[in-house]
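Q: Please take a close look at the nonpolar interior of this protein, and at a charged residue inside the fold. Tell me how far the model can be relied on as well.

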Amino acid sequence: MRSPPVRAAKARARRARAAALAAAALSALPSPAAANGVFPSADQIVFDPADPARAVARMTYGLLATRDGGASWHWICEGAVGYDDTGGVAPPIAAAEGGRVLAALSDGIAIGAEGGCAFARAAELEGKAVLDLSVRQGDPSHVVAVVAGQRHGLWASRDGGARWASAGALLPAGFQARTVDVAPSDPRRIYVSGLATGGGPVKGEIARSADGGETWQTSVVPGSTTSREPYIAGVDPRDADVLYVRIASAPGRLFVSRDGGATFEPAFDTQGFVRAFAISPDGAEVAVGSDVDGVFRAPSSTLSFERVSSVAPRCFAWTEAGLYACASEFLDDFTIGRSLDGGATFEPLLRQACIRGPLDCAASTSVGALCPLDWPRIAMMTGHEDCAPDAGSPAASSGASASATGATGAGGAMAASGGGGAASGGGGTGGAPEVSAGGAQPAGGARPSDGGCRTAGTSAGWAGALAAACLAAAAAARRRRA
């Protein structure tokens, strides 16, 4: 992509001012209210491959799960999964066969069963630092993970993460892995990104295998170093040779390789971080999200990107039901949203005040035993309130948009789409943008309402700080639309 259009410069400045004001408001919050020193947000969402109505989102304070297509979201605390995010680094998650939710931890892999109520450990990986994991698109029984050690190595599961075994040869000496992915069209094609630390300057590399990890070849990702680490963004679902790699820094860059990771060429540049990337399920389009420049979309054949929205996504997931995004409520008025037009507009599926509470689990499970004890703190942090519309309210009686309540109604947007699971996904085009009670959706992805920030049920100190931050963000949003 060529540099973002000049018009994005003003939007970047306004976004930066809004973020600064939000940060100032957050600093005034009582310390228990802050989610590990950052504002509560989502940064990954995965879908059950067998049931698109079930999804799990990774938050800065645990996980959120929906079992009804986004109509309601319930909380899973960090302790129940088996980690403590005091360092601000959350575990990569994946959804595998059998409804399992997998989390890569510093001392193993947590395996969530019983709908996310009970988490156990993969015995074969107990005590090992698992850096990343990936479920093969189209085959949720096939999971790969990259594990740290004196030399990093690959582990694989062929039963959806229940049992694991070391796979192939160790990665090259001095290679410090960061991310892993397996090609949807070829299960033996595996890519690992990382840093090469053996001899000479540290540089970012891709380790690639065409035989399931039995042998490895490496290649340098241009311009990558310890401060500009390479992360795998995705592999084309049709062609195992087409690999996308993003650089984790600002200014950010997306690279594409069309020869199996042997060489790379720049595809997209942004003044901010490339935080979100997704390939449409048919491989025809790609979407990129920058925290400064917004959402861009391009045909995968040309990678000629067009800016389609000012939303600043933190993650993408593209399924048959649409393009899902994580975002900041301070800036974009939703935490999780769905687009039916390839990222031009988003309908809110989750606002954090509308979290229903801990996932309903038996007291004998890890979630049922631990999470209710910590829920009051999370409720205060998110400004929890009952978002279900009254039976006689206009929203309940007229079918008004879910934006009024922060969640879709019964049989909500995700379930109503009837789309496939996360592995297969779809183009997400042709849908009508959401219309709220206030009028038509404006162009560029901005929402007409300045709402979404609520203070009911919180302490006076938290409510005041949150209100100040919300007012600042709302003012910035109005300026963006002006």
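A: Contact here means heavy atoms within 4.5 Å. The model is a predicted one. Leaving aside neighbours within four places in sequence, Ile45 is in contact with Ala55, Val56, Ala57 and Trp73, and also with Cys315, Ala317, Cys326 and Ile336. Ile45 belongs to the largest nonpolar core, a set of 44 residues, and ranks with Trp75 and Ile76 among those with the most contacts inside it. Helix α4, residues 366-382, gives the most to this core, contributing six residues. Another core lies apart from it and has 16 residues, including Leu125, Ala145, Val147 and Trp155. In soluble globular proteins, nonpolar side chains tend to be buried together.

The charged residue is Asp181, found in strand β13, which covers residues 175-182. Asp181 is buried yet has no salt bridge. Its nearest side chain of opposite charge belongs to Arg136, 9.0 Å away, whereas a salt bridge requires a nitrogen within 4 Å of a carboxyl oxygen. The side chain of Asp181 does have a polar contact of 2.9 Å with that of Ser134. Beyond neighbours within four places in sequence, Asp181 is in contact with Ser134, Arg189, Ile190, Tyr191, Ile232, Gly234 and Val235.

As to confidence, the mean pLDDT of the protein is 80, and 73% of its residues reach 70 or more. Over residues 391-465 the pLDDT is below 50, and this stretch has 182 contacts in the model beyond near neighbours in sequence. Residues 467-482 also have a pLDDT below 50, with 24 such contacts.

Conventions. Residues numbered from 1 in each chain as written. Heavy atoms only, no water. Core = buried A, V, L, I, M, F, W, Y, C linked by side-chain atoms within 4.5 Å. Buried < 20%, exposed > 50% of the residue type's maximum accessible area, 1.4 Å probe, protein only. Helix = DSSP H or I, 4+ residues; strand = E, 2+ residues; numbered from the N terminus. pLDDT = per-residue confidence, 0-100. Lys, Arg positive; Asp, Glu negative; His and termini not counted. Polar contact = N/O pair within 3.5 Å; in protein donor to acceptor, adjacent residues only side chain to side chain.
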